[in-house]
Amino acid sequence: MATRRGFIVGASGIGTAALLGYSASPSAADTSGATTPGPVAVTPQQAKDSIFAVNAGMRSNYATLKAELIKHLAPVIVVQNDAKGGRFTLVTPTGQESVNPVAETFELAKSIAHVPLGCFSVIASYLADKLPNLPNAARIDPHDLLMVAFNDDKSTAWIKPLQAYAVTLTTARQNLAAAGLPAALVTSCGNILDAALKFINTSVATKVFDMKSFEDFSGSVYPDIRTNMEYAAKAQIKGVQDIMKTWRAKVGEAAWADLYCVVLSQWTTSVLNQNTIIIKDCMNAAKVGTHLIDLPGLETPKDPVFTALDNLARIVQDNIAAEMVFPKSTVVADALKGKQDLLSDEILIQLGGATPAPAKAATYNTLAEGMCPVRK
């Protein structure tokens with residue numbers, strides 16, 4: 001059977017030399033009389049390129065392992081946060097299945113709760129860039145306001161888009177009773193729509209609005225927004241818990257104990273994400289810390305499930321790599337396993353912003369000499 005050793009020994013002198021980066025030198029000979037390759041003179045850039053190639057080779061091998069590992073990840077639940085409360089995909093050895101488990105009440109309640117934000121989005125760029133005397137004025141960054149209020153506050157170009165939004169709100173208000181919503185939710189939605197239309201009509205009639213007039217409107221409907229939030233949360237909790245119970249029964253207790261859940265979200269909802277909160281109580285409590293993964297991004301990827309599995313594969317293989325590559329330092333191994341960059345502690349130390357904890361003393365025991373043993 002051909003082996004790597006046999007391949008190298010069996011190669012021609014020129015082929016072997018080229019493979020290893022040496023040229024054959026007639027003047028260099030071993031004790032048997034055979035010629036031994038001598039070093040080739042290289043430029044500094046060639047030398048650097050050969051070193052860069054080492055990392056390129058690592059990345060290529062790493063990517064190959066990750067691509068193959070993706071095929072073996074199971075069971076996994078991938079959650080795409082969306083307007084419907086989340087699209088859930090279960091990945092098992094036999095395939096994938098996806099569902100939006102949350103009732104429509106979630107989306108309907110949130111749709112109306114977003115009305116003040118919808119109005120704000122039309123008028124914000126026309127705000128005056130000076131903060132009025134408001135109770136929350138100290139909480140508003142003047143520079144942020146200056147950047148958001150980029151249009152002329154004397155302009156009335158906001159009127160037409162605001163009127164167009166009012167048409168949408170009016171239609172929703174007229175049809176609200178026929179949507180089959182709970183009575184309390186119908187009331188809260190009606191209050192929000194009525195207040196928004198009043199704000200719009202007054203602003204359009206006077207051709208004037210300001211931060212105070214908007215906050216008077218938005219503040220007045222806050223209790224109704226809270227009602228909508230209550231109904232949306234109830235719908236989401238029930239939908240997520242129900243699908244988790246269904247899939248738990250499908251995969252079995254043994255497999256469920258090792259379940260990974262990857263929740264895709266935008267940065268603005270990545271902390272205390274609503275689906276993450278609900279899911280954690282449905283998983284093996286002992287593994288929630290390592291198997292429930294929030295994956296924030298900028299926008300929804302083209303293939304959310306693949307993106308989740310691709311990132312999960314990296315996490316899983318790094319879990320093993322960490323212990324095998326850094327068997328002498330649990331501190332550095334933990335950094336490779338988690339979100340921390342391997343150089344972060346070293347950079348903090350050199351910038352004078354951190355002192356190694358006692359547990360890290362062995363890792364940094366030669367810092368006085370300007371060296372870090374685990375990073376040499």
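A residue is called buried here when its relative accessible area is under 20%, exposed when that area is over 50%, and partly exposed in between (1.4 Å probe, protein chains only). By that yardstick Asn275 is buried, because its relative accessible area is 0%. Keep in mind that this is a predicted model, where local features need pLDDT of at least 70, side-chain atom pairs count only at pLDDT 80 or more, and totals for chains, interfaces and linings use all residues. Residues are numbered from 1 along each chain as its sequence is written, and side-chain values use heavy atoms, with hydrogens and water left out.

So what surrounds Asn275? Asn275 sits in helix H12 (residues 274-280); helices (H or I, at least four residues) and strands (E, at least two) are DSSP runs, numbered from the N terminus. Setting aside neighbours within four places in sequence, Asn275 is in contact with Val79, Asn81, Gly85, Gly86, Phe88, Gln236 and Val240, where contact means heavy atoms within 4.5 Å.

Two of those partners, Gln236 and Val240, take us to helix H10, where they are among the buried residues, along with Asp224, Asn228, Met244 and Trp247. How does the span of H10 check out? At 1.5 Å a residue, the 30 residues of H10 (residues 222-251) should cover 44 Å, and the end C-alpha atoms are 43 Å apart, which agrees. The expected span is 1.5 Å times one less than the number of residues in the helix. After H10 comes Gly252, with a positive phi near 95°.

Now follow Met244 inward. Apart from neighbours within four places in sequence, Met244 touches Ile77, Trp256, Leu259, Cys261, Ile279, Cys282 and Met283. Met244, Ile77 and Ile279 have the most contacts inside the largest nonpolar core, which has 57 residues. Such a core is a set of buried Ala, Val, Leu, Ile, Met, Phe, Trp, Tyr and Cys residues joined through side-chain atoms within 4.5 Å. Helix H8 (residues 183-206) gives the most to this core, with 10 residues. A second, separate core has 17 residues, including Val76, Tyr260, Leu309 and Ala313.

For a contrast, look at Leu117 in helix H5 (residues 115-123). Leu117 counts as exposed, because its relative accessibility is 52%.

Finally, step back to the whole chain. The chain has 16 helices and seven strands, and 32% of its 376 residues count as buried. Among contacts with a separation of 6 or more, 63% are between residues 24 or more positions apart.
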